[in-house]
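Dear colleague,

I am handing over the structure shown below, and I would be grateful if you could keep it open while you read. My notes on what was found in it follow directly after.

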Amino acid sequence: MKTLVSTIAAAAALCAASAPAAAQDSAPVAAAAVFNAPVSVSSEGFVRVRSFEGDTQFRGPVMQAASEVVQSLASQLKLRIPRDEAGLVIYIRDGGATNDARVIESVVRTAEGRVATWVTLPSPAYCSLRHFRRACAAAFFRAWTDRNRRGSGGQLPELPSWAVEGIIRAYGKTWQVRDAAAVMKLWRSGEMPFLPRLFPAMRVMESERGAALAGFFALWMRETPADSIFVKRGGDKEPPQRIDVFRLQLERLACGEEWNADRILADLSGSENKAEQDAALDERIARNARAWLLPGEGCPWDAEIFASSLSLCAPFGRPPFADGSRTCSFRRAVRLAERDMETRLAAAACIPRIRAAGEGRDPGLRAAAEAYAAFLEALARGGKSQNELDALLDAAEERLAELHERLRIDWDSGDSGAAGG
């Protein structure tokens, strides 16, 4: 979504703000003002932007921003944008206060009986970009479920706001990586709540941790296939489409079924057992720890995960080390290796794993992995004094510490490769 932000910032159309959006407006727009307002229409006719007379500054950038949100979600989720009918109408007011960050949403029925969303920006130069994007995404999902409803009549249920925001984050590489890192940090600290209690209680939260959880869960739904579920839209010429758990929820909404957190957890984990659902979350986070989310680049947890693997284990079926243990730190291995062949064999076996842990990562991590591999090779061969081995291990640890500090600074400042996603 970097393009979206850059476009609006360059045009001075929208600026990110932290104030919450209001659900209702106490001063509705006059009907005459709406009728006479200049209007822009997107290529498929779904997004329409009206603004005050003489406006040459806001209407174009707001149209581009809204269209990018809708088109991106439609492309990623393989959903059709309703054509030739207004599903999202944005009205830009003139002369709003500089502290007015509201994005005001109203759900209406068109003359044809279709659901549409009216979004008002009282002060477009200062409105919350986060809430604006969420309002555009919600309008698209609302319209899609309405146009694809099963049966007739009645108001259809909607996606919860946190899921709407989460799915936007799930399609930006920046947020995928940062959300995974934030959730992993929560998990490793032991602060992650029990999943069957956390997931049903999810709400839109202003904190970065809350936003990260929304993105993490939305991406999990998006990447988990819905077993044996296919949909067919667009006529007989198109083959049935295999869908994921998130898309399955949209199909259920179109059938009039309410969002059911317990049912979604069963879809994600393949089990209705709450303990197994929580274990599925553990496996998801552990898989992220093993994954190369940023090939060739780095983030702090890469160094932390690498550091957690720096120990020797006695291979299965082999005797323990000389001190009776089956695991030992590299530093303790220096003391054991001189009189213990098992320690040296374990060091030799560890070298390929250490080198592999650095492959495809930040160049600094690859260099640190090579430094540890050089230490292990010397340890396995024998012939070096404890002081020489300590010096090799010191050099490797220093490389890793410097790498972790650099990645942490880059990550906190947003200058890492992840920030460009």
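In what comes next, contact means heavy atoms within 4.5 Å. Please also bear in mind that this is a predicted model.

With that cut-off, the buried residues of helix H5 (residues 161-169) pack against helix H3 (59-77), helix H4 (129-147), H6, helix H8 (208-223) and helix H9 (245-254). The residues concerned are Trp162, Ala163, Val164, Glu165, Gly166, Ile167, Ile168 and Arg169. Because 8 of the 9 residues of H5 are buried, this helix is largely enclosed by the rest of the structure.

As for the chain as a whole, its secondary structure comes to 16 helices and 9 strands, and 48% of its 421 residues count as buried. If one takes the contacts between residues at least 6 apart in sequence, 68% of them join residues at least 24 apart.

Two of the helices that pack against H5 also meet a sheet. This sheet is open and has 5 strands, in the order S1-S2-S3-S5-S4, with mixed pairing. Strand S1 (39-41) and strand S4 (104-109) stand at its edges, and each has a single partner strand, so one side of each is left without a neighbour in the sheet. From one strand to the next, the twist averages 20 degrees. Within the sheet, strand S3 (residues 88-92) and strand S5 (residues 115-121) are paired in the parallel sense over 5 bridges, and Ile90 stands opposite Val119 in S5. H3 packs on this sheet, where it touches S1, strand S2 (47-50), S3 and S5, and its direction makes about 160 degrees with that of S2. H4, for its part, lies across S3, S4 and S5 and runs at about 170 degrees to S5.

Which helices do the axes of H6 and H15 come within 10 Å and within 9 Å of, respectively? For helix H6 (residues 173-188) the partner is helix H11 (residues 274-290), with axes that come within 10 Å and cross at roughly 120 degrees; H6 and H11 are therefore oblique to each other, and their crossing is left-handed. On the H6 side the contact is made by Ala180, Val183, Met184 and Trp187, and on the H11 side by Asp282, Ile285, Ala286, Asn288 and Ala289. These residues divide into 7 nonpolar, 1 polar and 1 charged.

For helix H15 (residues 363-381) the partner is helix H16 (residues 386-413), with axes that come within 9 Å and cross at roughly 165 degrees, which means that H15 is roughly antiparallel to H16. This crossing, too, is left-handed. Among the residues that make the contact are Leu365, Ala368, Tyr372, Phe375 and Leu379 of H15, together with Leu389, Leu393, Glu397, Leu400 and Arg406 of H16. By class, the contact has 15 nonpolar, 1 polar and 3 charged residues.

Lastly, there is one single residue to look at. Thr343 has its place in helix H14 (residues 341-358); is this residue buried or exposed? Its relative accessible area is 0%, and Thr343 is therefore buried, given that the term applies under 20%. Leaving aside residues up to four places away in sequence, Thr343 touches Leu312, Phe321, Ala333, Leu336 and Ala337.

With kind regards

How values were computed. Residues numbered from 1 in each chain as written. Predicted model: local features only at pLDDT ≥ 70, side-chain atom pairs only at ≥ 80, totals over all residues. Heavy atoms only, no water. Axes fitted to C-alpha atoms, helices over the stretch in contact; angles between N-to-C directions. Helix = DSSP H or I, 4+ residues; strand = E, 2+ residues; numbered from the N terminus. Parallel < 35°, antiparallel > 145°, perpendicular 65-115°, else oblique. Left-handed = near helix turned anticlockwise from the far one by under 90°. Nonpolar A, V, L, I, M, F, W, Y, C, P; charged D, E, K, R; others polar. Buried < 20%, exposed > 50% of the residue type's maximum accessible area, 1.4 Å probe, protein only. Pairing = 2+ DSSP bridges.
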